[in-house]
Amino acid sequence: MSNMTSIWAHRGASAVAPENTVSAFRRAVELGADGIELDVQRTADGKLVVIHDETLDRTTSGSGRVVEAVWDDIREVDASAGDPAFAGERLCLLEEVLELLAPTQMVLNVELKDGVEHYPGMDLQVAEAVRAAGMTDRVILSSFNHVQFAGSTELGLPLGLLYVELLWAVEEYAGAFGAAAVHPDFRTLSEPRLLERLHDKGIAVNAWTVNRRADLEQMFRRGVDAVITDEVELALQVRAEL
Ligand code: G3P
Ligand code: CA
């Protein structure tokens, strides 16, 4: 593990392009991010679509629940967020992002949005897509729904446990899931020895969503393994200045 903090583009370079779109992912590659974070939901016909919300409403011209729509309809909706610079932008499938990143050295953090909407077997489906793309050494799965990872030995991919509240004895908890990493809200990392305790157990700390200069500086100085940020350019600049 490198001792330099990695910079992962949250939903792609979402400060400068519509979130979770090919444009946002391309921009992250061009800017020189070390990795990309994205969110996956599943369509009615079983496609792994990259979108944060369970519905199309907030980020696209469409409406309704992703799980109730088929990909042929979803692919038609506009995902430009009303920005003329991104006219024609569409949602994309996980496979397209895997293809984009395969020739790079970048890490991909796939967040399984398997929460309120439950997608049985989505973790295995994602793992299969990752294997097919030959990217098992550069993908980490994460989820707020930790239960789906319990006893999961078939995935063959590292797991990151997302959380908002500080978990009691988090290093023991993460160890019990066989997690490679925890993905905390960065504001929960104030306990002075927490990072050290996790690192002592070989558990990486990938913190989100770190967007302000002062917070980025703090995370870099404290030695988290990755910051997940909308502000890729700022993060690169701050890291270079330290
Ligand atoms: O993976 C970190 C972060 O993306 C989790 O929250 O709501 O942005 O998916 P959210
Ligand atoms: Ca996410």
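**Close-up views of a predicted model**

**View 1. Val-139 and its surroundings.** With 21 C-beta neighbours inside 10 Å, Val-139 counts as buried, since 20 or more other C-beta atoms within that distance are enough for the term. The model shown here and in the other views is predicted. Val-139 belongs to strand S6, which covers residues 139-143. Beyond its neighbours within four places in sequence, Val-139 touches Leu-108, Val-110, Val-130 and Leu-157. Pro-158 lies 19 residues from Val-139 in sequence, and the two C-alpha atoms are 7.4 Å apart in space.

**View 2. Helices H3 and H4 in contact.** Helix H3 takes in residues 94-101 and helix H4 residues 122-132. Their axes come within 10 Å and cross at roughly 35 degrees. The crossing in which H3 passes H4 is right-handed. On the H3 side the contact is made by Leu-94, Glu-95 and Leu-98, and on the H4 side by Val-126, Ala-129 and Val-130. Sorted by class, this contact has five nonpolar residues, no polar residues and one charged residue. Val-130 of H4 is also one of the residues in contact with Val-139 in View 1.

**View 3. Helices H7 and H8 in contact.** Helix H7 (residues 213-222) packs against helix H8 (residues 232-241) at an angle of about 50 degrees, and the axes are 10 Å apart. The two helices are therefore oblique to each other. H7 passes H8 in a crossing that is right-handed. H7 contributes Arg-213, Leu-216, Glu-217 and Phe-220 to the contact, while H8 contributes Leu-234, Ala-235, Val-238 and Arg-239. By class, five of these residues are nonpolar, none is polar and three are charged. An α-helix has 3.6 residues a turn, so residues three or four places apart point the same way.

**View 4. Helix H1, its cover and its two ends.** The buried residues of helix H1 are Val-22, Ser-23, Ala-24, Phe-25, Arg-27 and Ala-28. Among the elements that cover them are strands S1, S2 (35-42) and S4 and helices H3 and H8. Ahead of the helix, Asn-20 sits in the loop between strand S1 (6-10) and helix H1 (22-31). The phi of Asn-20 is near 55 degrees, a positive value in a residue other than glycine. Asn-20 counts as buried because 26 C-beta neighbours lie inside 10 Å. After the helix comes Gly-32, where phi is again positive, near 100 degrees.

**View 5. Ala-81 in a loop.** Ala-81 is found in the loop between helix H2 (71-74) and strand S4 (92-93). Although Ala-81 is not a glycine, its phi is positive, about 60 degrees. With 17 other C-beta atoms within 10 Å, Ala-81 is partly exposed. Strand S4, which ends this loop, is also among the elements covering the buried residues of H1 in View 4.

**View 6. The shell of residues around ligand 1.** The residues around ligand 1 include three histidines, His-10, His-52 and His-183. The acidic side chains of the shell are Glu-37, Asp-39 and Glu-111. Ser-142, Leu-162, Trp-208, Thr-209 and Ile-228 are also around ligand 1. By class, the shell divides into three nonpolar, five polar and three charged residues.

Methods:
Residues numbered from 1 in each chain as written. Chains lettered and ligands numbered in written order. Predicted model: local features only at pLDDT ≥ 70, side-chain atom pairs only at ≥ 80, totals over all residues. Near = placed C-beta within 6 Å. Nonpolar A, V, L, I, M, F, W, Y, C, P; charged D, E, K, R; others polar. Axes fitted to C-alpha atoms, helices over the stretch in contact; angles between N-to-C directions. Parallel < 35°, antiparallel > 145°, perpendicular 65-115°, else oblique. Left-handed = near helix turned anticlockwise from the far one by under 90°. Contact = placed C-beta atoms within 7 Å. Buried ≥ 20, exposed ≤ 12 C-beta atoms within 10 Å, placed from the backbone.
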